[in-house]
2 protein chains.
Amino acid sequence: MNELAEKTLHSKTIFNGKVIDLIVEEVELPNGETSTREIVKHPGAVAVIALTGEQKLVLVRQFRKPLNGILYEIPAGKLDPGESPEVCARRELEEETGYRCQEIKHLVSFYTAPGFADELIHLYFTNSLIRGTQHLDEDEFLENVEVDLKEALTLLQEQKIYDAKTVYAVQYLQLQELMK
Amino acid sequence: MNELAEKTLHSKTIFNGKVIDLIVEEVELPNGETSTREIVKHPGAVAVIALTGEQKLVLVRQFRKPLNGILYEIPAGKLDPGESPEVCARRELEEETGYRCQEIKHLVSFYTAPGFADELIHLYFTNSLIRGTQHLDEDEFLENVEVDLKEALTLLQEQKIYDAKTVYAVQYLQLQELMK
């Protein structure tokens with residue numbers, strides 16, 4: 001990897017926030033020149049593709065300030081310090097939707113925006129939901145919606161499903177449907 | 001949407017960078033309380049699922065400073081000011097891989113990290129590649145790799161394909177394979 005690696009010469013913290021930190025690094029490029037890299041630090045997150053007994057996908061309808069609009073997303077949330085992704089997935093699913101689950105399996109993990117951020121999302125799947133209790137964070141307002149694959153594809157078409165993890169989830173359901 | 005919307009009370013620019021800006025907003029929540037939102041502004045980006053005549057997926061192997069590691073990603077890049085996504089997709093594909101394309105079609109667009117950033121990626125597909133000329137940005141170092149679906153799945157397993165748009169791309173190819 002050495003022929004592509006960039007070496008940090010200097011690192012400066014610009015901002016420490018509630019959710020993210022911002023760092024600017026001066027780096028040495030593979031050709032010996034220097035450049036700067038702007039890096040958002042994030043604690044990492046989980047998301048859950050949760051199917052009800054009727055094979056409906058559980059979504060949360062939520063205002064997103066960066067876009068000034070409402071998206072329909074699969075349940076998701078940030079890792080608490082030291083928390084394992086699976087524990088976080090179970091916790092966020094129940095907090096946001098009121099569903100607990102029995103079995104849950106890890107599907108895939110991915111960096112959301114590797115050009116400028118280190119956020120890694122761990123994506124889980126469950127179809128063994130049981131009723132629990134919704135309890136939202138104090139600055140969290142959202143509504144639950146359950147949709148079948150056809151309705152999910154309509155929301156995608158309408159750009160109401162419009163974020164990476166949920167677009168991936170819809171494609172995952174299409175793939176599962178074809179593999180039946 | 002009013003029952004979920006957050007109203008900006010105050011907006012403060014923390015940082016203006018080469019790639020991203022950082023803004024912190026004080027917002028009024030639906031219940032009348034206030035909170036803060038940390039928002040990364042990004043110009044938007046494109047990415048291209050490009051298949052060669054041998055049905056191989058064109059990837060770029062690239063060091064990503066936020067992760068301090070090398071990822072295999074589909075070709076991608078930021079929109080220039082005023083540039084249309086399709087023009088950008090054709091430009092980035094040629095700059096990063098040396099391939100031009102005849103037909104190119106828009107597949108889907110998605111926000112990568114709607115909790116803290118407004119980056120929107122427009123994803124394109126082409127399988128009509130013709131040889132052009134690679135020309136990288138001066139601070140850009142990458143290698144081209146072409147893989148079949150089986151090799152792509154191995155890279156995914158090994159977490160070398162490890163970012164949202166490329167994980168989506170691999171699943172897209174799986175879906176196309178099943179639909180044949």
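In the predicted model, strand 4 (residues 45-50) and strand 7 of chain A are paired in the antiparallel sense through three bridges. Within this pairing, A:Ala45 lies opposite A:Lys78 of strand 7 of chain A. Both strands belong to an open sheet of four strands in chain A, arranged in the order 7-4-10-9 and mixed in its pairing. Strand 7 (76-78) and strand 9 (105-111) of chain A occupy the edges; each has a single partner strand, so one side of each is left without a neighbour in the sheet. On average, and with direction ignored, neighbouring strands of this sheet are turned by 20° against each other.

An open sheet is also found in chain B, where three strands follow the order 1-2-3 with antiparallel pairing. Its edges are formed by strand 1 (7-16) and strand 3 (34-41) of chain B, each of which pairs on one side only. From one strand to the next, the twist averages 20°. Strand 2 (residues 21-28) of chain B is joined to strand 3 of chain B in the antiparallel sense by eight bridges. Here B:Ile23 has B:Ile39, in strand 3 of chain B, as its bridge partner. In general, the strands of a sheet pair through backbone hydrogen bonds, in either a parallel or an antiparallel manner.

The two chains are in contact through 69 residues from chain B and 69 residues from chain A. Between them, chain B and chain A bury about 6,100 Å², of which 69% is on carbon and sulfur atoms. Of the area that chain B buries against chain A, 12% is supplied by B:Leu4, B:Lys65 and B:Phe116, more than by any other three residues.

Polar and charged pairs also span the interface. Six salt bridges are found across the interface of chain B and chain A. In one salt bridge, A:Arg37 is joined to B:Asp139, with the closest N and O atoms 3.2 Å apart. Across the interface of the two chains, 26 residue pairs are in polar contact, both residues being at pLDDT 80 or more. Several elements of chain B supply at least two residues each to the side that touches chain A, among them strand 1, strand 2, strand 3, strand 5 (57-64) and strand 12 (142-147). Helix 3 of chain B provides the largest share of this side, with 10 residues. By class, the side of chain B that touches chain A comprises 38 nonpolar, 13 polar and 18 charged residues.

Conventions:
Residues numbered from 1 in each chain as written. Chains lettered and ligands numbered in written order. Predicted model: local features only at pLDDT ≥ 70, side-chain atom pairs only at ≥ 80, totals over all residues. Heavy atoms only, no water. Pairing = 2+ DSSP bridges. Axes fitted to C-alpha atoms, helices over the stretch in contact; angles between N-to-C directions. Contact = heavy atoms within 4.5 Å. Buried area = accessible area lost by both parts, 1.4 Å probe. Salt bridge = Lys/Arg side-chain N within 4 Å of Asp/Glu carboxyl O. Polar contact = N/O pair within 3.5 Å; in protein donor to acceptor, adjacent residues only side chain to side chain. Nonpolar A, V, L, I, M, F, W, Y, C, P; charged D, E, K, R; others polar.
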